[in-house]
Amino acid sequence: MQIANVLASYSLGEADLLRRAMGKKNAEAMAKQRDRFMSGAAAHGHAKNVVTEIFDQMEKFSGYGFNKSHSAAYALVAYQTAYLKTHYPWSSWRRC
């Protein structure tokens, strides 16, 4: 959202629409946002090839982006699961 706000003069509401289009993986909405992003960046005098590359990276990320908090939570669960499987194997549960 901050990239869109700084580079292309998006308001925070408009930037949220871009974030939502990325999150929903909506290709049609992303195409509209590309036009808006490019025109806003051009108004600021940014080089077209640089802005195109930035938007392409954002678009690629929208294909599969994952929230850091989710990643951290899944990593913790994976660690705990590995610990339990190592120190308390399933075969030892059968003896109970």
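**Exercise 1. Find which residues Gln33 touches, and say whether Gln33 is buried or exposed.**

Step 1: leaving out residues up to four places away in sequence, Gln33 touches Tyr10, Glu14, Leu17, Leu18 and Phe55. Contact here means heavy atoms within 4.5 Å.

Step 2: a quick word on the model. It's a predicted one, so local features need pLDDT of at least 70 and side-chain atom pairs count only at pLDDT 80 or more, while totals for chains, interfaces and linings use all residues. Residues are numbered from 1 along each chain as its sequence is written, and side-chain values use heavy atoms, with hydrogens and water left out.

Step 3: Gln33 sits in helix α3 (residues 27–43). Helices are DSSP runs of H or I, at least four residues long, and strands are runs of E, at least two, numbered from the N terminus.

Step 4: with a relative accessible area of 14%, Gln33 is buried. The cut-offs are under 20% for buried, over 50% for exposed and partly exposed in between (1.4 Å probe, protein chains only).

**Exercise 2. Start from Leu18 and work out which helices supply the largest nonpolar core.**

Step 1: Leu18 is in contact with Gln33, and also with Ala4, Tyr10, Met30, Phe55 and Met58, neighbours within four places in sequence aside.

Step 2: the largest nonpolar core has 15 residues, and Ala4, Tyr10, Leu18, Met30, Phe37, Phe55 and Met58 have the most contacts inside it. Such a core is a set of buried Ala, Val, Leu, Ile, Met, Phe, Trp, Tyr and Cys residues joined through side-chain atoms within 4.5 Å.

Step 3: at least two residues of this core come from each of α1 (2–8), α2 (12–24), α3 and α4 (48–63).

**Exercise 3. Describe the overall build of the protein chain.**

Step 1: count 6 helices and 0 strands.

Step 2: the radius of gyration is 21 Å, well over the 12 Å from the globule rule for 96 residues, so the chain is more spread out than a compact globule. That radius is taken over C-alpha atoms, and the rule is 2.2 Å times the number of residues to the power 0.38.

Step 3: the C-alpha atoms fill a box of roughly 70 × 20 × 20 Å along the principal axes.

Step 4: buried residues make up 19% of the 96.

**Exercise 4. Place Tyr88 and classify its exposure.**

Step 1: look in the loop between α5 (68–87) and α6 (90–93); that's where Tyr88 is.

Step 2: Tyr88 counts as partly exposed because its relative accessibility is 46%.
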